[in-house]
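Me: I'm new to reading structures, and I'd like a close look at one part of this one. Could you pick a stretch of loop, then walk me outwards from there in plain words?

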Amino acid sequence: MKQNDKRVIDRFIELALVDGESFNERMVADYLVAEFQKLGIKLCEDDTAGKIGGNCGNLYGFAEGRGKYADSEPILFCAHMDTVAPGNNKKIILNDDGTITSDHTTVLGADDRVGIAGIIEAYTEVLEEELDHPPIEFLFTVAEEVYGLGSAALDYSKIRSRIAFAPDCSGEYGVYSSCEPTLISFEVHIKGKASHAGYEPEKGINAIAVAAAAISRIKQGWADDHTTLNIGTIEGGSVTNAVPENCLIKGEIRSGVHEDAYQTMEYVESVFSEEAKSAGAELCIDKKERITVYRKDPEARAGSALDRYKRALGKQGRETLAKKSYGGSDINSLIKHGMDGLNIYGPMYNIHTTEEYTTVQEIVSFAELLKILMVLDWTE
Ligand SMILES: [Zn+2]
């Protein structure tokens with residue numbers, strides 16, 4: 001194995017071993033601040049920790065451009081520091097077949113530590129080889145796995161780039177996320193009236209019954225061919241001998257069409273309010289738009305993020321592969337703030353499971369891909 005190839009693999013493993021579930025990214029941030037200092041970059045932390053209740057904020061760093069690209073427009077590379085649970089005390093196994101896994105008691109955390117490792121390696125090589133490059137911004141976010149809370153809380157006024165790449169898309173080599181939905185999460189609080197269940201049940205208003213009546217009327221799953229609706233949790237009542245006063249229902253809606261997400265939300269609200277009204281219960285619905293839809297035009301404009309990605313992959317003899325996502329990522333926030341962001345391939349499979357894996361070979365090619373993106377002259 002070449003020295004740089006070994007270096008990026010070691011880097012990935014080192015990073016994967018650092019605990020950093022969402023809201024607890026502190027140790028990952030400390031690692032990155034120290035490592036970027038060695039590369040001459042000061043990473044600054046923002047005030048997102050306080051805003052979202054985590055122990056760490058987003059990290060931002062800036063590298064001056066060099067040589068003939070010194071005055072080109074800057075580009076931004078973004079990766080998230082957090083992992084999903086179970087993500088602490090990992091054991092990383094480099095298998096004989098070239099795959100890298102955990103011991104299957106935790107996630108591997110290739111999502112998105114492989115993105116971070118690739119960005120560091122790519123920039124290190126750009127420096128070592130003294131390659132000309134445009135100004136580069138680095139953004140390492142927190143709580144991406146929780147509706148992208150970190151990138152949503154970022155102060156975008158300090159971002160100079162229009163073009164952004166976030167290697168956070170799982171799938172075959174060359175994938176990118178061509179669209180991501182609007183996601184609305186909601187909580188329905190039903191307040192009925194308690195009474196003794198055996199003595200005077202007629203005086204109570206059963207909050208669970210109201211919930212059941214409403215939920216049985218609501219079509220879950222596909223609301224239409226691009227919108228899903230799910231009621232995920234329900235809790236209510238406290239004892240069996242009282243008519244339950246409270247019931248709390250939590251759910252979410254995702255749609256490839258922004259307006260349809262809201263229309264579906266209205267439908268849910270109307271059904272719950274009809275049932276609450278007819279039973280005489282009180283109703284309170286909290287809803288929150290967690291991420292906002294985007295759709296990438298496959299006909300990439302020259303110089304756009306997708307065009308650059310296509311060209312960079314072309315230099316590796318590869319092609320782009322559009323992939324619909326139903327999740328959302330930091331890129332949703334970046335696009336919402338006017339940037340031309342692209343959620344690009346990162347070598348990670350079976351993400352968010354204890355069977356997550358990556359491969360040595362792909363990490364090596366992926367780091368090279370990022371390096372190409374950093375120094376690419378898209379006008380050529
Ligand atoms: Zn991710």
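Reply: Let's start at H104, which sits in the loop between β5 (99–102) and α4. Keep in mind that this is a predicted model. H104 isn't a glycine, yet its phi is positive, at about 70 degrees. Is H104 buried or partly exposed? Its relative accessible area is 39%, so it counts as partly exposed: the buried label needs under 20%, and the exposed one needs over 50%.

Now step back into β5. In a regular strand, side chains alternate between the two faces of the sheet. You can see two directions here: T99 and T101 point one way, while I100 and S102 point the other way, and all of them are buried. β5 pairs with β4 in the antiparallel sense, over 3 bridges. Within that pairing, T101 of β5 is the bridge partner of I93. The hairpin of β4 and β5 has 4 residues between the strands, and there G98 has a positive phi near 90 degrees. β5 is also joined by 3 bridges to β17 (residues 357–359), again running antiparallel. There, I100 has T358 of β17 as its bridge partner.

Go back a little, to the loop between β3 (75–80) and β4 (92–94), and you'll find P86. The peptide bond joining A85 and P86 is cis, with omega about -5 degrees. There's another cis bond to look at on the far side of our loop, from D111 to D112, with omega near 10 degrees. D112 belongs to helix α4.

Follow α4 to its end and you come to the loop leading to β6, where E130 sits. E130 is another non-glycine with a positive phi, about 50 degrees this time. Its relative accessibility is 53%, so E130 counts as exposed, since the cut-off is over 50%.

H133 lies in that loop too, between α4 (110–128) and β6 (136–141). With a relative accessible area of 2%, H133 is buried, because that is under 20%. What does H133 touch? Leaving out residues up to four places away in sequence, its contacts include E64, R66, Y69, Y123 and V126, and also M374 and V375.

Those last two lead us to helix α10, which covers residues 360–375. M374 is among the buried residues of α10, as are F366, L370 and K371. You can check the helix with a ruler: 16 residues at 1.5 Å a residue should span 22 Å, and the end C-alpha atoms are 23 Å apart, which agrees.

For a last stop, try the open sheet of 5 strands, ordered β10-β11-β12-β9-β13 with antiparallel pairing. β10 (221–224) and β13 (282–291) are at the edges with a single partner strand each, so one side of each has no neighbour in the sheet. On average, neighbouring strands here are turned by 25 degrees against each other, ignoring direction. Helix α6 (residues 207–217) packs on this sheet, touching β9, β11 and β12, and its direction makes about 25 degrees with that of β12. Helix α7 (residues 258–279) lies across β9, β10, β11, β12 and β13, running at about 165 degrees to β13.

Technical notes: Residues are numbered from 1 along each chain as its sequence is written. This is a predicted model: local features need pLDDT of at least 70, side-chain atom pairs count only at pLDDT 80 or more; totals for chains, interfaces and linings use all residues. Side-chain values use heavy atoms; hydrogens and water are left out. The expected span of a helix is 1.5 Å times one less than its number of residues. Buried means under 20% relative accessible area, exposed over 50%, partly exposed in between (1.4 Å probe, protein chains only). Contact means heavy atoms within 4.5 Å. Two strands pair if DSSP finds at least two bridges between them. Axes are lines fitted to C-alpha atoms, for helices over the stretch in contact, and angles run from 0 to 180 degrees between N-to-C directions.
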